[in-house]
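Thank you all for coming; I would like to walk through one structure with you, going from a single residue outward to the whole chain. Please keep the sequence and the model in view while I talk.

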Amino acid sequence: MNKRGLPELLARGLAVFLNTTAVDESFRRFNGHTQVNATDLKLMKYPSREALIELGKWAKQHSEITQEMMDEQLGRLTI
């Protein structure tokens with residue numbers, strides 16, 4: 001197994017995606033709470049790897065990112 005972890009841009013993109021309002025609302029709606037476990041993460045639908053990397057590139061260009069900025073950028077992704 002590859003034990004080097006995720007590439008930086010993919011990890012950044014994934015972090016932004018998981019912190020969007022859309023993901024939060026989805027968890028609240030379908031799980032009734034905001035506590036997330038590994039099974040929840042495995043069952044989630046994610047943007048493509050390429051889209052997450054693009055999100056990571058965007059995130060790396062900003063020193064501060066607001067909730068509004070993340071939500072807006074997610075809306076611009078081609079998923």
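Asp24 counts as partly exposed because its relative accessibility is 29%, where buried means under 20% relative accessible area, exposed means over 50%, and partly exposed is what lies in between, with a 1.4 Å probe and protein chains only. I should say at once that this is a predicted model, in which local features need pLDDT of at least 70 and side-chain atom pairs count only at pLDDT 80 or more, while totals for chains, interfaces and linings use all residues. Residues are numbered from 1 along each chain as its sequence is written, and side-chain values use heavy atoms, with hydrogens and water left out.

Asp24 sits in helix α2, which covers residues 21-31; helices here are DSSP runs of H or I with at least four residues, strands are runs of E with at least two, and both are numbered from the N terminus. Which residue meets Asp24 in a salt bridge? The partner is Arg28, at 2.8 Å from N to O, a salt bridge being a side-chain nitrogen of Lys or Arg within 4 Å of a carboxyl oxygen of Asp or Glu. Arg28 and Asp24 are 4 residues apart in helix α2, so about one helical turn separates them. Arg28 is itself partly exposed, at 49% relative accessibility.

Salt bridges that share partners also join Glu8, Arg12 and Lys60 into one network. Within that network, the side chains of Glu8 and Arg12 meet at 2.8 Å, N to O, and because they are 4 residues apart in helix α1, they are separated by about one helical turn. Glu8 also forms a salt bridge with Lys60, with the closest N and O atoms 3.4 Å apart. This second pair links distant parts of the chain, since Glu8 is in helix α1 and Lys60 is in helix α4 (residues 49-60), 52 residues apart. Glu8 is partly exposed with a relative accessible area of 40%, Arg12 is partly exposed at 34%, and Lys60 is partly exposed at 46%. For the chain, the count comes to 5 salt bridges.

Now let me turn to a charged residue without such a partner. Is Asp40, in helix α3 (residues 38-43), buried or exposed? Asp40 is buried, yet it has no salt bridge, and the nearest side chain of opposite charge, Lys42, is 11 Å away; in this scheme Lys and Arg count as positive and Asp and Glu as negative, whereas His and the chain ends are not counted. Leaving aside neighbours within four places in sequence, Asp40 is in contact, meaning heavy atoms within 4.5 Å, with Phe27, Asn31 and Gln35.

Finally, the chain as a whole. There are 5 helices and 0 strands, and the C-alpha trace spans about 35 × 35 × 20 Å along its principal axes. Buried residues make up 25% of the 79 residues. Among contacts with a separation of 6 or more, 69% are between residues 24 or more positions apart. The chain exposes about 6,000 Å², of which carbon and sulfur atoms supply 51%, with accessible areas coming from the Shrake-Rupley method with a 1.4 Å probe and, for residues, only the protein chains shown counting as cover.
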